[in-house]
Amino acid sequence: METEPNLNLDEYQVARRELFAHTREPAAVFSRCCFYVNAACLDIFPEHDTVQIMISREKRSLALSPCPAGQRDALLWCLRAGKRRPRHITCRLFFAMVCSMMGWDPGLRYRALGRVVLDSTRKAILFDLSCAETYCPDTKNAPWYPADWQKQFGPDYRTHKEMIAADLVGDYTVYSVCGDSGLVPAISKKEDITE
């Protein structure tokens, strides 16, 4: 192993995890007036069939917290016919409110990655909606991303360190990637991915 006495990573960008395959990571999906999570979310709370969905407008994030079935606003998020699997929940008003809050096009599909957060009494999955991947129905699951991401892999190392420090004191990371700049396909039709 080589030792570098003054390792400086400030000129590097930390690649966003949204740029990689993440089938085993918790994800929440908004599509066609429906909301659902993937099986990785269910695995985090194996003993709970109901959750509460909470939204932070300020942080532009969604939290899923397990709760007893009889609790007010408890939502059945999985089906137990044989193997436990995610439930697609029709939610026209909720879907419209989230799309409005985020400035999303209701005709597109959005997938946000989650992370598990614990404190002394609760466990929750937090989803940063401002970093949601976008999928256009006519591109066969090819992801689209904000134009801001086109020329960068992610935040620079120093900014990333500051974001982690903010997380440690109770803040959530919020990226300002939505806006009037539009979306660009992750792989251009002209681009040859075999090169």
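## A tour from strand β1 outward

Begin with strands β1 and β9 (residues 109-118), which pair in the antiparallel sense over four bridges. This is a predicted model. To see one point of contact between the two strands, select Val29 and then Arg111 in β9, its bridge partner.

Now show β1 on its own, residues 27-31. Five of its five residues are buried. In a regular strand the side chains alternate between the two faces of the sheet. On one side of β1 are Ala27, Val29 and Ser31, on the other Ala28 and Phe30, and both sets are buried.

**The other neighbour of β1**

Add strand β2, residues 34-37. β2 also pairs with β1 in the antiparallel sense, over four bridges. Here the residues to pick are Phe30 and, in β2, its bridge partner Phe35. The two strands make a hairpin with two residues between them. Select Arg32 in that turn: its phi is positive, at about 45 degrees.

**Aromatic rings**

Stay with Phe30 and Phe35, and show their side chains. Across the whole structure there are six aromatic pairs. One of them is Phe30 with Phe35: the ring centres are 5.1 Å apart and the planes stand at 50 degrees, so the pair is tilted. Phe30 has a relative accessible area of 1% and is buried; Phe35, at 3%, is buried as well.

Next select Trp104 and Tyr110. What is the arrangement of the rings of Trp104 and Tyr110? Their centres lie 4.1 Å apart with the planes at 10 degrees, so this pair is stacked. Trp104 is buried at 8% relative accessibility, and Tyr110 is buried at 4%. Adding Phe94 completes the set: Phe30, Phe35, Phe94, Trp104 and Tyr110 form one aromatic cluster.

For an aromatic ring with a charge over it, go to Tyr135. The charged end of Arg109 sits over this ring, 4.4 Å from its centre.

**The nonpolar core**

In soluble globular proteins, nonpolar side chains tend to be buried together. The largest nonpolar core here has 29 residues, and the members that touch the most others are Phe30, Phe35, Trp77, Trp104, Phe127 and Leu129. Colour the elements that give two or more residues to this core: β1, β2, α1 (39-44), β4 (61-66), α2 (92-102), β9 and β10 (123-128). Which element gives the largest share of the core? That is α2, with five residues.

Zoom in on Trp77, which lies in the loop between β5 (75-76) and β6 (78-79). Trp77 is buried, with 3% relative accessibility. Then select Arg87, 10 residues away from Trp77 along the chain; the C-alpha atoms of the two are separated by 5.3 Å.

**Cysteines**

Select the cysteines next. How many disulfides are there? The count is zero. Take Cys99 as a case: the closest cysteine sulfur to its own is that of Cys33, at 7.8 Å, which is too far for a bond. The cut-off for a disulfide is a pair of sulfur atoms within 2.5 Å. Cys99 is buried, at 4% relative accessibility. Cys131 is also buried, at 2%.

**Two loop residues with positive phi**

Move to the loop between β3 (50-56) and β4, and select Arg60. Its phi is positive, about 55 degrees, although Arg60 is not a glycine. Arg60 is partly exposed, with a relative accessible area of 22%.

The loop between β4 and β5 holds Asp73. Asp73 is another residue that is not a glycine yet has a positive phi, in this case about 65 degrees. Is Asp73 buried or exposed? At 57% relative accessibility, Asp73 is exposed.

**The whole chain**

Finally, zoom out and show everything as a cartoon. The protein has three helices and 13 strands. Of its 195 residues, 35% are buried. Turn on contacts between residues at least 6 apart in sequence: 66% of them join residues at least 24 apart. The pairing of β1 with β9, where this tour began, can be picked out again in this view.

Technical notes:
Residues numbered from 1 in each chain as written. Predicted model: local features only at pLDDT ≥ 70, side-chain atom pairs only at ≥ 80, totals over all residues. Heavy atoms only, no water. Buried < 20%, exposed > 50% of the residue type's maximum accessible area, 1.4 Å probe, protein only. Pairing = 2+ DSSP bridges. Core = buried A, V, L, I, M, F, W, Y, C linked by side-chain atoms within 4.5 Å. Phe/Tyr/Trp six-rings, centres within 6.5 Å; stacked < 30°, edge-to-face > 60°. Lys NZ or Arg CZ within 6 Å of the ring centre and 35° of its normal. Contact = heavy atoms within 4.5 Å.
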